[in-house]
Amino acid sequence: MVGDPASGEAVFRRCMACHAVGPGARDRPSGPHLNGIIGQEAGTNPGFNYSNANKESGIVWDAETLMAYLENPRQFLPGTRMVFPGLSSEQDRADVVAFLAQFDGE
Ligand code: HEM
C-alpha cells in the first residue's frame, strides 16, 4: 500500500501528545522523538527511558515493522510502554509511515 506523506501529517496529530518529529525534535518524557526512525534499531535514542521489551526486541524499524507495530503496539511488542491502541486503518498506517520517512536522524 502506498502511503501519502501529506495525509500522514494529519494522522501524526494522534501521536503528538507523546512524540515529536522534524527539525529540532527532542525526546520527551512521554515518548522518544522519531527523527531517523526508518532503518533505526528499536530503543536506541540515547537517554530515553524505553521499556526492556522495546530495547531487547531486536526490531529494526522499517515500513513492514512499523505497519505491524502501529496496528496494535501491545500485541506486536508485548510489554511496550507505548500506551496507544493502534491505528486500525491500513491507509492511515501507511500514510504516517510515509510522513515519518521524510525526517532523517538530525
Ligand atoms: C515508541 C510511533 C503514538 C508513546 C514508539 C516507537 C515508534 C512510535 C516508531 C518506537 C521508537 C523507538 O524504538 O525508538 C508512534 C506513532 C504514533 C504513536 C506513529 C501515532 C500513530 C504514541 C502515543 C504515545 C506514545 C499517543 C503516548 C500515549 C510512546 C512511548 C514509546 C513509544 C512511551 C516507547 C515505548 C517503549 O519503550 O516500549 N512510538 N507512536 N506513542 N511511543 Fe509511540
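# Close-up views of the predicted model

**View 1. Arg93 touches Met67, Leu70, Glu71, Leu87 and Ser88, leaving out residues up to four places away in sequence.** This is a predicted model, so read each panel as a prediction. Arg93 belongs to helix 5, which runs over residues 90-100. Should you think of this arginine as buried or exposed? It is buried: its relative accessible area is 6%, and the cut-off for buried is under 20%. Two of the residues that Arg93 touches, Met67 and Leu70, are themselves among the buried residues of helix 3.

**View 2. Helix 5 is mostly covered.** How many of its eleven residues are buried? Eight of them are, and they are Arg93, Ala94, Asp95, Val96, Val97, Ala98, Phe99 and Leu100. So a charged pair of names, Arg93 and Asp95, turns up on the buried list along with the likes of Val96 and Phe99. Helix 1 and helix 3 are included in what covers these buried residues. Swing over to the N-terminal end of helix 5 and you'll find Ser89 acting as the cap. One of its side-chain oxygens lies 3.3 Å from the backbone nitrogen of Gln91.

**View 3. Helix 3 packs its buried residues against helix 4 and helix 5.** Helix 3 covers residues 63-71, and helix 4 covers 73-76. Which residues of helix 3 are buried? They are Thr65, Leu66, Met67, Tyr69 and Leu70. At the start of helix 3, look for Asp62: a side-chain oxygen there reaches to within 3.1 Å of the backbone nitrogen of Glu64. Helix 3 also has a part in the ligand story, since it gives three residues to the shell around the ligand, the largest share.

**View 4. The ligand sits in the largest pocket.** There are 24 residues around the ligand, and Cys15, Cys18, His19, Ser51 and Met82 come nearest. What kinds of residue make up the shell? It divides into 16 nonpolar, six polar and two charged. For the polar side of things, follow the oxygen atoms of the ligand. One is 2.9 Å from a polar side-chain atom of Trp61. With Thr80, the distance from a ligand oxygen to an N or O atom in the side chain is 2.8 Å. Arg81 takes part through its backbone instead: a polar backbone atom there is 2.8 Å from an oxygen atom of the ligand.

**View 5. His19, one of the residues that come nearest to the ligand, is found in the loop between helix 1 and helix 2.** His19 counts as buried because its relative accessibility is 12%, under the 20% cut-off. Where does the side chain of His19 reach? It gets to the backbone oxygen of Pro32, at 2.7 Å. Beyond its neighbours up to four places away in sequence, His19 touches Phe12, Arg28, Gly31, Pro32, Leu34 and Met82. Met82 is another of the residues that come nearest to the ligand. If you want a sense of scale, try Pro78: it is 59 residues from His19 along the chain, and the two C-alpha atoms are separated by 20 Å.

**View 6. Ala20 sits in the loop between helix 1 and helix 2.** At 17% relative accessibility it falls under the 20% cut-off, so Ala20 counts as buried. With residues up to four places away set aside, Ala20 touches Phe12, Ala25, Arg26, Arg28, His33 and Leu34. Phe12, Arg28 and Leu34 are also among the residues that His19 touches. Leu87 is 67 residues away from Ala20 in sequence and 18 Å away in space, C-alpha to C-alpha.

**View 7. Gln40 joins its side chain to that of Asn45 by a polar contact of 3.0 Å.** Gln40 has its place in the loop between helix 1 (5-11) and helix 2 (52-55). Its relative accessible area is 19%, which still means buried, as the cut-off is under 20%. Apart from neighbours within four places in sequence, Gln40 is in contact with Asn35, Asn45, Ile59, Val60 and Trp61. Trp61 is the residue whose polar side-chain atom lies 2.9 Å from a ligand oxygen.

**View 8. Gln75 lies in helix 4.** Buried or exposed? At 63% relative accessibility, over the 50% cut-off, Gln75 counts as exposed. The C-alpha atoms of Gln75 and Gly58 are separated by 16 Å, with their positions 17 residues apart along the chain.

Key
Residues numbered from 1 in each chain as written. Predicted model: local features only at pLDDT ≥ 70, side-chain atom pairs only at ≥ 80, totals over all residues. Heavy atoms only, no water. Helix = DSSP H or I, 4+ residues; strand = E, 2+ residues; numbered from the N terminus. Buried < 20%, exposed > 50% of the residue type's maximum accessible area, 1.4 Å probe, protein only. Contact = heavy atoms within 4.5 Å. Near = heavy atom within 4 Å. Polar contact = N/O pair within 3.5 Å; in protein donor to acceptor, adjacent residues only side chain to side chain. 1 Å grid on protein atoms, 1.4 Å probe; cavity = no way out; pocket = protein on both sides within 12 Å on 5 of 7 lines; lining within 4 Å. Sits in = over half its atoms within 2 Å of the grid points.
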